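Reader: I am new to this structure. Can we go through it step by step?

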Amino acid sequence: GVIENYLRVMVANRLLLRDGVLLHSAGAVIDRSAFLFIGASGAGKSTLARKALDAGAPVLSDDLNAVVDLSVEPAVAQLPFTGELRDQTVFDGTAPLRGIFLLNKGAAIVCEALSRGEATAAILATAPFINRGADNLDSLVETAAALTARVPFARLTSANDSPFEEIRRSVLRFQE
């Protein structure tokens, strides 16, 4: 536990130095592309990841995901920090990042675009370890702004019992 926590902080800092960012998120692969679902603890990341697994969609992690290659083609690389689903993740490698969704609980599935400012603020709030110190703030803001300029970003509202297939359709429709 102690060593893993140290490695998480180290990975977050190294990613920021190397054209990437670590996000507190659930990552699922849909149609060979990665989609990240970000939010604070309790937002539904692990629930969504479990639904994805149950529906046969590969899951990168329900806890931390590495966004890499921001200046080339943003992608998500799987890390060993897989949260509650450590033994169930079924994806290994890197997939192109096609969307980031800020999770919100509600009665119906709604997918709505966020402004770049809202999206940048969401990235800042969900980039663990490095969003707490002034030393990395300028670099983190620059990275978050670059990410929101290159990857579609939306708020995804859904209920705990919303089927993953409906969420998948909504996410893919947003990409069109």
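Author: One definition comes first. Buried means under 20% relative accessible area, exposed means over 50%, and partly exposed lies in between. Keep in mind that this is a predicted model.

Reader: Is Glu112 buried, exposed or partly exposed, and what is its relative accessibility?

Author: Partly exposed begins where buried ends, at 20%, and runs up to 50%. Glu112 therefore counts as partly exposed, with a relative accessibility of 37%.

Reader: Which residue forms a salt bridge with Glu112?

Author: The closest N and O atoms of the pair are 3.4 Å apart. Glu112 sits in strand S7 (residues 110-113) and its partner in strand S8 (residues 153-158), so the bridge ties together parts that are 43 residues apart in sequence. The partner is partly exposed, at 23% relative accessibility. Glu112 bridges to Arg155.

Reader: How many salt bridges are there?

Author: A bridge needs a side-chain nitrogen of Lys or Arg within 4 Å of a carboxyl oxygen of Asp or Glu. By this rule, the count is seven.

Reader: Which residue meets Asp31 in a salt bridge at 3.9 Å?

Author: The N to O distance of 3.9 Å belongs to Asp31 and Arg168. This pair links distant parts of the chain: Asp31 is in the loop between S1 and strand S2 (33-38), while Arg168 is in helix H5 (residues 164-175), 137 residues away. Asp31 counts as exposed at 54%. At 22%, partly exposed, the partner is Arg168.

Reader: Which residues are linked with Asp31 in a network of salt bridges?

Author: Asp31 and Arg168 meet in a salt bridge. They are part of a network of such bridges. Linked with Asp31 there are Glu165, Arg168 and Arg169.

Reader: Which residue meets Arg98 in a salt bridge?

Author: The N to O distance is 3.0 Å for Arg98 and Glu73. Arg98 lies in strand S6 (residues 94-105), and Glu73 in the loop between strand S4 (64-68) and strand S5 (75-77), 25 residues apart. Arg98 is partly exposed at 31%. At 40%, also between the two cut-offs, is the partly exposed Glu73.

Reader: What elements does the protein chain have, and in what pattern?

Author: There are five helices and eight strands in the protein chain. Read along the sequence, the pattern is α-β-β-α-β-β-β-β-β-α-α-β-α.

Reader: What radius of gyration does the protein chain have, and what would a compact globule have?

Author: The C-alpha trace spans about 40 × 35 × 30 Å along its principal axes. For 176 residues, a compact globule would have a radius near 16 Å. The protein chain agrees with that, at 15 Å.

Reader: What share of the contacts in the protein chain joins residues 24 or more positions apart?

Author: Contact here means heavy atoms within 4.5 Å. Among contacts with a separation of 6 or more, the share from residues 24 or more positions apart is 71%.

Reader: What share of the residues is buried?

Author: A residue under 20% counts as buried. Of the 176 residues in the protein chain, the buried share is 49%.

Reader: Is Ser25 buried or exposed?

Author: Ser25 is in strand S1 (residues 21-30). Leaving out residues up to four places away in sequence, it touches several others, including Leu36, Ile38, Lys45 and Asp63. Its relative accessible area is 0%, so Ser25 is buried.

Reader: Which elements do the buried residues of H2 pack against?

Author: Helix H2 (residues 45-54) is mostly covered, with seven of its ten residues buried. Among them are Lys45, Leu48, Ala49 and Leu53. They pack against S1, S2, strand S3 (59-61), S6, S8 and H5.

Reader: What phi does Arg32 have?

Author: Most residues other than glycine have a negative phi. Arg32 is not a glycine, yet its phi is positive. It is found in the loop between S1 and S2 and is exposed, with a relative accessible area of 75%. The phi of Arg32 is about 65°.

Reader: Where is Asp19 found?

Author: Asp19 also has a positive phi, near 65°, and is a residue other than glycine. At 29% relative accessibility it counts as partly exposed. Asp19 is found in the loop between helix H1 (2-17) and S1.

Methods: Residues are numbered from 1 along each chain as its sequence is written. This is a predicted model: local features need pLDDT of at least 70, side-chain atom pairs count only at pLDDT 80 or more; totals for chains, interfaces and linings use all residues. Side-chain values use heavy atoms; hydrogens and water are left out. Helices (H or I, at least four residues) and strands (E, at least two) are DSSP runs, numbered from the N terminus. Buried means under 20% relative accessible area, exposed over 50%, partly exposed in between (1.4 Å probe, protein chains only). The radius of gyration is taken over C-alpha atoms; the globule rule is 2.2 Å times the number of residues to the power 0.38.
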